[in-house]
Amino acid sequence: MRRRRPHPVVRALRGLAALTLAGLVVAAAYAGLRSLGFRPRWEVEAPPPPPPPTELRARMPPPVSPLGGNQDAPEAGAEGGPSLPARGEGAVYAPARIDFETYGDGRPVESNAAVSEEWREQGLVLSFESYTANAVRPYVLDARRYLPPNAPAYALGPALAGERGLEVGVIHLDFPGRPRRVAFTLLGPDLIERFLVIVRSGDERLPASTAARSPDMRYAADENSGSGKATYNPSGRGVFRAERVVVAVAAGIDRISLDGWGPPGHLLLLDHLEIDP
């Protein structure tokens, strides 16, 4: 027996019912996704416009004034961060010892003050880089609360931002005379397994082994003298460690960067800097 086909009106009603059911299913799924935090593209706010060029320039380290020599020296590579200063092949620098107690001209340092080119005559230019602050210069800090009682009062550290305290960032030491040997002492919390030191010669980042490390026993407390590390306890603070870092590069050193990014309490101080041509 041949079955009769439904009337066209019935077929239209059935199709409408199917479409309605599908729409209800889609609407329920959409409501569920929105309850989980999903937002369609047309409802998402447009990202804020990039900062103006003047603000970007404010976050960059100050430019280093040119010295004599090759002005066409290559810039740092893709991983190199800010450009390195001119190589200064025509400049001649004597060996320098900088303890950050006096400026390069012999004047006593100003406590907790920003510095940059105060030791240029000794072959050192300083800058600071941070993605969370506008500061572009490190500070000479009154660091006595981070040092043993018999230590010098001042050391080079990150930028100081008034009531916010010390900023987090990278201290750059640039050497216009491209010395072959640089040595310095790093001081920071012993909970930091390794203080990050980045060495550049020309446009090349050198291996980490370029920076040789050893305990700076001038800072070792008597009870820790046999531990193989130079550690001490600043007043009211945790254990700090002192490392002597020696960088020797036959082709010359352009930049040493001290990376202060890290967990809370990651404070890096630098003192007893030696620059040997």
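Biologist: Among contacts between residues at least 6 apart in sequence, what share joins residues at least 24 apart?

Modeller: In this predicted model, 71% of those contacts join residues at least 24 apart in sequence. As for secondary structure, the protein has 2 helices and 14 strands.

Biologist: How many aromatic pairs does the count come to?

Modeller: The count comes to 5 aromatic pairs. Take Y232 and F240: their ring centres lie 6.0 Å apart, and the cut-off is 6.5 Å, so the two rings pair.

Biologist: And why is the pair of Y232 and F240 called tilted?

Modeller: Look at the planes, which stand at 45°. Stacked needs under 30 degrees and edge-to-face needs over 60, so 45° fits neither and the pair is tilted.

Biologist: Which residues form an aromatic cluster with these two?

Modeller: Y146 and Y219 do; together with Y232 and F240 they form one cluster.

Biologist: What makes Y232 and F240 count as buried?

Modeller: Buried means under 20% relative accessible area. Y232 comes in at 3% and F240 at 6%, so both residues count as buried. Across the protein, 42% of the 277 residues are buried.

Biologist: How do you know that R241 lies over the face of F195?

Modeller: R241 is 4.2 Å from the ring centre of F195, and the distance limit is 6 Å, so the distance part of the rule is met. The rule also asks for a position within 35 degrees of the ring normal, and R241 is listed as lying over the face.

Biologist: What about the surface of the protein?

Modeller: The accessible surface comes to about 16100 Å², with 57% belonging to carbon and sulfur atoms.

Methods: Residues numbered from 1 in each chain as written. Predicted model: local features only at pLDDT ≥ 70, side-chain atom pairs only at ≥ 80, totals over all residues. Heavy atoms only, no water. Buried < 20%, exposed > 50% of the residue type's maximum accessible area, 1.4 Å probe, protein only. Helix = DSSP H or I, 4+ residues; strand = E, 2+ residues; numbered from the N terminus. Contact = heavy atoms within 4.5 Å. Areas by Shrake-Rupley, 256 points an atom, 1.4 Å probe, with all protein chains shown as cover.
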